[in-house]
Every structure is written in structure tokens, then in C-alpha cells.
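Dear colleague,

Please find below the structure I promised to hand over, together with its sequence. My findings follow underneath, arranged by topic so that you can trace each one in the viewer.

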Amino acid sequence: MMSYSIEETITYLEEKFKNIRFDYRNVDFGSTIPAFFIYFEDEKLLKQKWEGIANLIAVDFQARQRNEYQVWNIYLFYIINNPISKELKYKIENDTFSSRKIVIENTSDQDLMINEHILNQIDVNLENDKNETHSFNTNKIVESILEDKILKKINITKEANAAYKELIKALKEKEDEI
């Protein structure tokens, strides 16, 4: 039986799964979100070991968590330096047992992974190679329809639904004029 220590968990994982490197970070997002970073040399090893790693983390780490938020928000980043088959990536990322699994190809930047997949923050650089900048101009039709509307992210309000329908209608009318 494993200890509660994350250091011991990582050591145990590395002993159990040779040739695979493990790292761990707590991500502060209102509460603590556990994030495991699992590095693979090739697709064959990933295909053979991803499920066993997820199962071991579920039994020896997730089951010991006392914070309900942490139990339901564990991230496993499977990192590989080469592109892999779409089928394997789909299979891993759509496995719903125990944790959120994400396959990352061709980067090992943990901050980028956390920002993009946990915090939902992405950096958009609109500068091209000639250092020309592009600006975003609002669509006047969209702006007039959405002005003074309250749109909620979780539940679609009646106002949001009405604004959406009005937006579709106005865009279709504009398209017919062209």
C-alpha cells in the first residue's frame, strides 16, 4: 500500500513503469488540481502502458484524496515527442475512468499544457513574420444584437437563446443581401 506523499507516489510509479518519466504539479484553480505529467519515448510504450498508469494512479492516489474537488479533477498528461495515431489518441482521451487524460505531442512545456487544458487560457499572438499586427474588429450586427445582454457560461438563459436566434436571423439576412 502506498503512502500519501506525492514524492513516494512518483517514485513508486517510476519503479513500476521503467523507461517512463513522471512529474507532478498542483495547479491552483480555486482549489488544488492534481496534474501528472507522464513522458513516453515512443507510441508503442504509450499504447502498452497508459491504461495501467491511469489505473494505478486511480487506486493508489485518487482513492486516497480527501478533497472531493481534487478527486474529480485529476489530470494525466501523456507526453510524447512524436505524432501518434489518431486512434490511440482518441482512445486515451475518451477514456472516462478516474481522470482527465490528455495526449500531448511535440512539447514538454508544462505551463502551456496547464494554461491550455486546465485554466483554459491560450495566448493568441496576431503578429506575423513581418511584425505587422492585426486588429480585431467587431461585427456591427453581432455587436448590436448582443449589446446589454447577459450571457451565462453554464446555463443558457432565455435572453441568450433569444440573442442567438436574432443573431442567426440577422446574419442570414445580411448573407442574402450579398
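Against which strands do the buried residues of α5 pack? Please keep in mind throughout that this is a predicted model. The answer is that the buried residues of α5 pack against β1, β2, β3 and β4. Helix α5 covers residues 110-117, and its buried residues are Q110, M113 and I114. Seen down the helix axis, these buried residues fall within an arc of 95 degrees, so they line one face of α5. The N-terminal end of the helix is capped by D109, which has a side-chain oxygen 3.1 Å from the backbone nitrogen of D111.

The sheet

The four strands just named form an open sheet in the order β1-β2-β3-β4, and their pairing is mixed. The edge strands, which pair on one side only, are β1 (21-28) and β4 (100-105). On average, and with direction ignored, neighbouring strands are turned by 20 degrees against each other.

As general background, the strands of a sheet pair through backbone hydrogen bonds, in either a parallel or an antiparallel manner. Both senses can be found here. Strands β1 and β2 pair in the antiparallel sense over 8 bridges, and R21 has Y39 in β2 as its bridge partner. These two strands form a hairpin with 3 residues between them. In its turn, G30 has a positive phi of about 85 degrees. In contrast, β3 (residues 75-80) and β4 pair in the parallel sense over 6 bridges, with L76 standing opposite K101 in β4.

Helix α1 (residues 6-16) packs on the sheet, where it touches β1 and β2 (32-40). The direction of α1 makes about 150 degrees with that of β1.

The nonpolar cores

The largest nonpolar core contains 26 residues, and F36, I38, I53 and Y78 have the most contacts inside it. At least two residues each come from α1, β1, β2, α2 (43-60), β3 and α4 (86-93). The greatest contribution is that of α2, with 7 residues. I38 may serve as an example: leaving aside neighbours within four places in sequence, its contacts include I20, F22, I53, I57, L76 and Y78. A second, separate core has 14 residues, among them I33, Y75, I102 and M113.

Two individual residues

Is Q62 buried or exposed? Q62 lies in the loop between α2 and α3 (68-71). Its relative accessibility is 8%, and a residue counts as buried under 20%, so Q62 is buried. The side chain of Q62 reaches the backbone oxygen of S98 at 2.6 Å. Not counting residues up to four places away in sequence, Q62 touches I57, V71, I74 and S98.

L171 belongs to helix α7 (residues 158-177). With a relative accessible area of 34%, L171 is partly exposed. Beyond residues up to four places away in sequence, L171 touches N139 and I141. L171 and I141 are 30 residues apart in sequence, and their C-alpha atoms are 7.5 Å apart in space.

I would suggest beginning with the sheet and then turning to the cores.

Yours sincerely

Terms used
Residues are numbered from 1 along each chain as its sequence is written. This is a predicted model: local features need pLDDT of at least 70, side-chain atom pairs count only at pLDDT 80 or more; totals for chains, interfaces and linings use all residues. Side-chain values use heavy atoms; hydrogens and water are left out. Two strands pair if DSSP finds at least two bridges between them. Axes are lines fitted to C-alpha atoms, for helices over the stretch in contact, and angles run from 0 to 180 degrees between N-to-C directions. Contact means heavy atoms within 4.5 Å. Buried means under 20% relative accessible area, exposed over 50%, partly exposed in between (1.4 Å probe, protein chains only). A nonpolar core is a set of buried Ala, Val, Leu, Ile, Met, Phe, Trp, Tyr and Cys residues joined through side-chain atoms within 4.5 Å. A polar contact is a pair of N or O atoms within 3.5 Å; within protein, one must be able to donate a hydrogen and the other to accept it, and residues adjacent in sequence count only if both atoms are side-chain atoms. The arc is that of the directions from the helix axis to the C-beta atoms.
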